[in-house]
Amino acid sequence: MVHVALITYTPDPERTIAVAARVSVSAVGISQLSEKLTPEMVKRLIDRLISSGHLSPFEHVNFTFAIEGISRVTSHQLVRHRIASYTQQSQRYVSFRKFDYVTPPTISAKAELKAKYHQTVSDAHRLYVEMLDAGIPAEDARYVLPGAAETILVMTMNARELMHVCSLRLCLKAQWEIVALFGKIKDEVEKVAPRIAAELKPKCYQLGYCDEAKSCGLFPTAAEIQAEKPSS
Ligand SMILES: Cc1cc2nc3c(=O)[nH]c(=O)nc-3n(C[C@H](O)[C@H](O)[C@H](O)COP(=O)(O)OP(=O)(O)OC[C@H]3O[C@@H](n4cnc5c(N)ncnc54)[C@H](O)[C@@H]3O)c2cc1C
């Protein structure tokens with residue numbers, strides 16, 4: 001099961017964004033930038049940045065998460081997001097004599113297939129261990145491990161990229177495991193930066209419609225909106 005812990009982050013994240021934003025609109029020197037910046041001013045500045053799309057100030061805030069219990073299928077999707085830093089447990093240097101793996105709920109729901117799934121994964125793992133015992137290096141034996149294999153990684157991402165990635169990965173059209181992962185990432189951000197966390201949401205909130213072929217029901221698709229318009 002996916003577990004996320006926020007291990008470190010830029011101190012006073014929302015104030016940091018507001019201070020950076022102030023540089024662009026104030027004629028004050030750097031010593032005065034964070035003076036008299038009340039919580040209300042911070043909130044107002046962030047609201048204005050979001051509504052105007054002036055998002056570079058969000059790049060000054062980083063969050064570092066420890067993530068465990070996701071499959072290699074999902075970590076592969078995750079690392080496609082390039083504006084971030086990742087350090088992942090190595091299948092070259094670590095031998096997995098004890099092996100945890102993810103079972104998708106659709107498979108768990110079908111008893112017969114679930115049993116075959118567990119059997120196939122455990123057969124693959126048995127061969128893996130047999131190869132290790134025969135002196136095959138872990139980096140080669142791992143070729144038989146499935147995408148279901150659980151992994152651990154540390155990820156650092158700035159608040160701007162986090163908003164972008166959540167716009168894609170909190171969409172219910174993304175795969176369930178990465179949706180769950182970013183749900184937990186959002187929960188962690190919420191604890192330290194609730195105003196930023198409020199911007200971690202699927203892209204339809206910003207668009208005002210669903211840009212997928214079929215909507216999950218949160219917003220109508222562009223085609224549905226068009227169909228509802230009275231013809232002129
Ligand atoms: C639902 C879903 C299905 C997907 N299916 C597939 C699939 O079938 N096959 C597949 O290969 N991928 C798939 N992807 C991955 C997708 O194509 C992107 O690679 C991934 O979402 C990374 O996001 P991003 O490109 O927005 O950029 P990030 O890497 O998160 O970067 C953020 C932004 O920075 C900018 N940027 C970063 N790097 C560059 C660059 N080199 N040049 C120009 N601009 C850049 C872009 O504006 C980008 O949006 C899927 C993603 C989703 C969400």
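**Briefing: a four-strand sheet and its helices**

The chain exposes about 13,500 Å², with carbon and sulfur atoms supplying 55% of that area. Keep in mind that what you're looking at is a predicted model. In this chain you'll find 11 helices and four strands, and the strands make a good place to start exploring.

**The chain as a whole**

- Buried residues account for 38% of the 232 residues in the chain.
- The radius of gyration is 22 Å, whereas a compact globule of 232 residues would come in near 17 Å.
- If you lay the C-alpha trace along its principal axes, it spans about 70 × 60 × 25 Å.
- Take the contacts with a separation of 6 or more: 71% of them come from residues 24 or more positions apart.

**The sheet**

- The four strands build an open sheet in the order E1-E2-E4-E3, and the pairing is antiparallel.
- At the edges sit strand E1 (3-9) and strand E3 (84-88), each of which pairs on one side only.
- On average, neighbouring strands of this sheet are turned by 20° against each other, if you ignore direction.
- Helix H7 (residues 159-169) packs on the sheet, where it touches strand E2 (62-71) and E4. The direction of H7 makes about 125° with that of E4.

**Strand by strand**

- E1 and E2 run antiparallel and are joined by six bridges. To spot this pair in the structure, look for Ala5, which stands opposite Ala66 in E2.
- E2 also pairs with E4, again in the antiparallel sense, over nine bridges. Here Phe63 stands opposite Met157 in E4.
- E3 pairs with strand E4 (residues 150-158) over five bridges, in the antiparallel sense. The bridge partner of Ala84 in E4 is Met157.
- Is E2 enclosed or open to the outside? Seven of its 10 residues are buried, so E2 is largely enclosed by the rest of the structure.

**Helix H1 and what covers it**

- Helix H1 (residues 13-25) has 13 residues. From its first C-alpha to its last it reaches 19 Å, close to the 18 Å expected at 1.5 Å a residue.
- Which residues of H1 are buried? They are Pro13, Glu14, Ile17, Ala18, Ala21 and Arg22.
- Here's a handy rule for looking at a list like that: an α-helix has 3.6 residues a turn, so residues three or four places apart point the same way.
- The cover over the buried residues of H1 includes E1, helix H2 (39-52), helix H8 (176-192) and helix H9 (194-197).

**Two loop residues to look up**

- Asp12 is in the loop between E1 and H1. Its phi is near 50°, a positive value in a residue other than glycine.
- Gln32 belongs to the loop between H1 and H2. How exposed is Gln32? Its relative accessible area is 35%, and the range from 20% to 50% counts as partly exposed, so Gln32 is partly exposed.
- Gln32 and Glu150 are 118 residues apart along the chain, and their C-alpha atoms are separated by 49 Å.

Definitions and conventions: Residues are numbered from 1 along each chain as its sequence is written. This is a predicted model: local features need pLDDT of at least 70, side-chain atom pairs count only at pLDDT 80 or more; totals for chains, interfaces and linings use all residues. Side-chain values use heavy atoms; hydrogens and water are left out. Two strands pair if DSSP finds at least two bridges between them. Axes are lines fitted to C-alpha atoms, for helices over the stretch in contact, and angles run from 0 to 180 degrees between N-to-C directions. Contact means heavy atoms within 4.5 Å. The radius of gyration is taken over C-alpha atoms; the globule rule is 2.2 Å times the number of residues to the power 0.38. Buried means under 20% relative accessible area, exposed over 50%, partly exposed in between (1.4 Å probe, protein chains only). Accessible areas come from the Shrake-Rupley method with a 1.4 Å probe; for residues, only the protein chains shown count as cover. The expected span of a helix is 1.5 Å times one less than its number of residues.
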